[in-house]
Amino acid sequence: MIGGISAYRKTMAISVVMPALEMAQENGKLLAWRKKEGESVSKGEPLLEIETDKAVVEIEAPGDGILAGITAEVGAVIPVGETIAWLVAPGEKPPVKVATAAPAARATSAAQAAAVAPAAARPTAAVGAAAQISPKARRLAKELGVDIGQIRGTGPAGTITSEDVQAAANAKGAAAPSATTATAAVTAATEPLSQLARLMAERTTQSWTSVPHFFLVQNVDCGALIDAQKQFSAGSVAGTAPTITDLLIKLIARVLEKHPRMNASWAGDGIRLNPDINISVAMAVKDGVVGAVIPNANKQPIAALSILRRELTERARAGRLRPADISGGTFTLSNLGMYKIDAFTAIITPPQCAILAVGAIADTVVPVDGKPGIRPMMTMTLSSDHRVVDGARAAEFLGELTGAIREPEKWL
């Protein structure tokens, strides 16, 4: 019976790992533990808070148990897949920490109790050796002109990470003699970026330099759209009325049903058609922008879509987005109309193939029945990935979306 209990308890231990919210993510920064070591935790309960290149998110407990064996301190930057704590049964000891060869884990896993060398004894790559290096770190090294042969990797098994590359670039810049004292003063005054801001800069640079963007612009009369928004608002409770953004999300999703290629993704060596239409809505937060996702937007009723979009906005502003809130987007809408911007061009979020940028709706003099008239006009700019769609496909999509905005009653 003792053996049976031991085996049962061993399988009860669940590892808590640094999660990956996207393929390119290498690590995450631990911002807070929501539970203290020794406290009971229920599955689905907020357990910790991390910062990634997309947002600050709360991570839920993967199971029931007692929080034990915490190895990560608040503020630590941790490789994806590394175990940082355990959930154990009452009276159970957490397994000895297992060194991983690479940050490959994407979720929690059952514990395997084995004695290994402490984390401090992990090997690091010797300078000049053929060290392992992540794709993102290799790309960053090329952009910054850093020789990877001179970098000592600090990741698992000595893997060179993007942080190692950035540190080497900073050291290289610091070692170079300044032309003048004024230049040195400016360098010293450089504002450090948060992880979110830095990685957002990397992602936008990567997209702009590697994705073959092309752009289409269309002006559309929003008179009928405004009328539709008023009709939906008439029967809603105060503070829950759908916005123009909500109606645009729905219309975009419905039109994407007829243009699946615009909802596709670039998969590195081909085109992946996505079965679901998940609209990512660009939202401004401290230090950057996050894309909060409305899943299956084409199937959501306007009222439910509007409520979800408001909840996502509140969580984004409070820094409480969940992993599911920012994952799985297939097409992005960026609306700067509330800032009174007439028009702008947006950068695609890979692997998505398109993003629609919309400006403010403004009264504009336009031809109406052959005479000058004033109509509420909006400018839309569609950015597309030429590897996935050509100009004709994108034009057909934008044209049909324009028609849907002019006659929303046929689509909503």
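**Stop 1: α7 against α8**

Select helices α7 and α8 in this predicted model. They pack at an angle of about 120 degrees, and their axes are 10 Å apart. The two helices are therefore oblique to each other. Look at the handedness: α7 passes α8 in a right-handed crossing.

Now show side chains. On the α7 side, pick D246, L247, I249 and K250. They meet I302, L305, S306 and R309 in α8. Colour this contact by residue class. You will find 4 nonpolar residues, 1 polar and 3 charged.

**Stop 2: α7 against α9**

Keep α7, residues 244-258, and add α9, residues 391-406. Here the packing angle is about 135 degrees, with the axes 10 Å apart. That makes α7 oblique to α9, because angles over 145 would be needed to count as roughly antiparallel. The crossing of α7 past α9 is right-handed.

Which residues of α7 meet α9? Select L248, L251, I252, V255, L256 and K258. Then add their counterparts in α9: F397, E400, L401, A404 and I405. The residues of this contact divide into 9 nonpolar, no polar and 2 charged.

**Stop 3: the β16-β17 hairpin**

Move to strand β16, residues 362-368, and strand β17, residues 371-385. They run antiparallel. How many bridges join them? There are 7.

Zoom in on P367. Its bridge partner in β17 is P372. Next, select the turn. The two strands form a hairpin with 2 residues between them. D369 sits in that turn and has a positive phi of about 55 degrees.

**Stop 4: a salt bridge across the sequence**

Side chains of opposite charge can pair when their charged atoms come close. The structure holds 12 salt bridges. One of them is your last stop.

Select E49 and R320 and show their side chains. They meet in a salt bridge, at 2.8 Å from N to O. Where do the two residues lie? E49 is in strand β4, residues 46-51. R320 is in the loop between α8 (302-317) and β14 (331-335). The pair therefore ties together parts that are 271 residues apart in sequence.

To finish, display α8 along with this loop. α8 is the helix whose I302, L305, S306 and R309 meet α7 at the opening stop. The loop that holds R320 lies between α8 and β14.

How values were computed. Residues are numbered from 1 along each chain as its sequence is written. This is a predicted model: local features need pLDDT of at least 70, side-chain atom pairs count only at pLDDT 80 or more; totals for chains, interfaces and linings use all residues. Side-chain values use heavy atoms; hydrogens and water are left out. Axes are lines fitted to C-alpha atoms, for helices over the stretch in contact, and angles run from 0 to 180 degrees between N-to-C directions. Helices (H or I, at least four residues) and strands (E, at least two) are DSSP runs, numbered from the N terminus. Angles under 35 degrees count as roughly parallel, over 145 as roughly antiparallel, 65 to 115 as roughly perpendicular and the rest as oblique. A crossing is left-handed if the near helix is turned anticlockwise from the far one by less than a right angle, and right-handed if clockwise. Contact means heavy atoms within 4.5 Å. Ala, Val, Leu, Ile, Met, Phe, Trp, Tyr, Cys and Pro count as nonpolar, Asp, Glu, Lys and Arg as charged, and the others, Gly among them, as polar. Two strands pair if DSSP finds at least two bridges between them. A salt bridge is a side-chain nitrogen of Lys or Arg within 4 Å of a carboxyl oxygen of Asp or Glu.
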